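Biologist: Please take one part of this structure and go through it closely, setting it in its surroundings as you go. I would like a single connected account rather than a list.

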Amino acid sequence: MSKQIAVLGAGSWGSVLANVLTENGHHVTLWTRSAEQAAEMNTHHTNQKYVHDFEYESALTATTEMAQAIAGADMILLAIPTKGLRQVAHQLGQLLATMDIKPVITHVTKGLEQGTYKRPSEMIAEELPADHYQGITVLSGPSHAESVALHDMTAVTIAANDEQLAKDVQGLFMNQYFRAYTNNDVVGVEVAAALKNVIAIGSGILSGLGYKDNARAALITRGLAEIRRFGVSFGANPMTFIGLAGVGDLVVTATSQNSRNYRCGFQLGQGQSVAEIEANMGMVIEGLSTVKVAHEIAEKRHVSMPITDAIYKVVYEGQAITEVVTELMGREGTTEVE
Ligand SMILES: NC(=O)c1ccc[n+]([C@@H]2O[C@H](COP(=O)([O-])OP(=O)(O)OC[C@H]3O[C@@H](n4cnc5c(N)ncnc54)[C@H](O)[C@@H]3O)[C@@H](O)[C@H]2O)c1
Ligand SMILES: O=P(O)(O)OC[C@H](O)CO
């Protein structure tokens, strides 16, 4: 059945997911804070700043008025980077309190909040009035916007504490090229989503330095071990980390030139500075802030995360990459399976 859906955030992922939902026959309104971007979408059906040379469904409309976007919404999809999520959720919460709707909330944010160390669903829950939405679901997994736009076969995870809610959202997204699985491990899915970006930066660094397949496979495997350790310390299900939101997203992000986090690492490995890379990317590189949060949390909770710590030293302490790599490889031998 056709539903009314609002997508908040018209970057790469928000605009492409809005298009998937429109293709699935839903009435979708995309909210953006940029009047130029809304006009471009409504007039030319494009969003050139984020996904080049792609024509969106003409039924997809955009607005800068959040109240207009969410009017009558059955689902509201938040596609905002970690840094802006609380602010947008706050704005949404104020509107929901005054409106006669009770939508499902879904978010796709991959990060952890600086300072509070909160996961995206925790931030959203803190900002929305409890009785004015049905619950929160998380969409994650190996899914580059550019590939989804081209109908590359894609499988994602929809996580929620409430199984029926996850199934409802699964039904909205499923089609011939987009497959969704449900998962009840919200903590594991959100931790995996945030931390894979850090390991992807590390993988890019190794490639940028000229290391080859063995090095990358070792980094991905041991990176997954520390992501799992971190997640399990928060009560996550270890099985989540061998699923789509875990190894799936880690592989796609840590091996693809489509990944902004991998590309950022590659350029670091080639000697560029973080400031230069961020200025040229023009889109969010979530791993750069997540590495700081993850490093701080791991230190507080005594979770061993040598790769994350190494990337932290490169990004935030300016330590030479070659020195960090030597240190990592020179650590005392240990056992693989804990
Ligand atoms: N791009 C992908 O392929 C992809 C896939 C899966 C998940 N994600 C995740 O989805 C989230 C969004 O990523 P993206 O790729 O769309 O980012 P992006 O950089 O392409 O776009 C971000 C959008 O959010 C908007 N925004 C940021 N702060 C805002 C604020 N305070 N108020 C209003 N709008 C604000 C920006 O204007 C921009 O339109 C990230 O957490 C990312 O990790 C991205
Ligand atoms: O481009 P990246 O590195 O932010 O990765 C995008 C998605 O998270 C991949 O699933």
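**From a loop histidine to helix α4**

Modeller: Histidine 302 sits in the loop between α13 and α14 (306-316), and in this predicted model its phi is positive, at about 55°, although the residue is not a glycine. Most residues other than glycine have a negative phi. Histidine 302 is exposed, with 7 other C-beta atoms within 10 Å. A second histidine invites the comparison: histidine 151, placed in the loop between α6 and β7, has a positive phi of about 65° and is likewise not a glycine, but histidine 151 is partly exposed, with 13 other C-beta atoms within 10 Å.

The loop of histidine 302 has α13 on one side, and α13 (286-301) is one of the elements against which the buried residues of α4 pack, which brings us to the part I would examine closely. Helix α4 runs over residues 82-96, and its 15 residues reach 21 Å from the first C-alpha to the last, close to the 21 Å expected at 1.5 Å a residue. Its buried residues are Thr82, Leu85, Val88, Ala89, Leu92 and Leu96. Seen down the axis of α4, these buried residues fall within an arc of 110°, so they line one face of the helix. Besides α13, the partners against which they pack are β1 (4-8), α3 (66-70), β4 (75-78) and α5 (120-127).

Helix α4 also has a place in the arrangement of the domains. The protein chain is divided into domain 1 (4-184) and domain 2 (194-329), and the centres of the two, taken over C-alpha atoms, are separated by 26 Å. The contact between them takes 22 residues from domain 1 and 22 residues from domain 2. On the side of domain 1 that touches domain 2, the elements giving two or more residues are α4, α6 (145-149), β7 (154-159) and β8 (178-183), and β7 gives the most, with three residues. By class, that side of domain 1 has eight nonpolar, 11 polar and three charged residues.

The ligands can be read against the same division. Around ligand 1 there are 26 residues, of which Gly11, Trp13, Gly84, Lys110 and Ala145 are the closest; the elements that give two or more residues to this shell are α1 (12-23) and α4. Helix α4 gives the most to the shell around ligand 1, with four residues. The residues of that shell divide into 11 nonpolar, 12 polar and three charged, and at least three are drawn from each of domain 1 and domain 2.

Ligand 2 has 13 residues around it, and those that come nearest are Ser143, Thr253, Ser259, Arg260 and Asn261. The elements giving two or more residues to the shell around ligand 2 are α8 (186-209), α10 (244-255) and α11 (260-269), with α10 giving the most, at three residues. By class, the shell around ligand 2 has three nonpolar, six polar and four charged residues, and this shell, too, draws at least three residues from each of domain 1 and domain 2.

Returning to α4, then, the helix has a buried face, takes part in the side of domain 1 that touches domain 2, and gives the most to the shell around ligand 1.

Terms used
Residues are numbered from 1 along each chain as its sequence is written. Chains are lettered from A and ligands numbered from 1 in the order in which they are written. This is a predicted model: local features need pLDDT of at least 70, side-chain atom pairs count only at pLDDT 80 or more; totals for chains, interfaces and linings use all residues. The expected span of a helix is 1.5 Å times one less than its number of residues. A residue is buried if 20 or more other C-beta atoms lie within 10 Å of its own, exposed if 12 or fewer, and partly exposed in between; C-beta atoms are placed from the backbone. The arc is that of the directions from the helix axis to the C-beta atoms. Two residues are in contact if their C-beta atoms, placed from the backbone, lie within 7 Å. A residue is near a molecule or strand if its C-beta atom, placed from the backbone, lies within 6 Å of it. Ala, Val, Leu, Ile, Met, Phe, Trp, Tyr, Cys and Pro count as nonpolar, Asp, Glu, Lys and Arg as charged, and the others, Gly among them, as polar. Domain bounds come from an automatic or database domain assignment.
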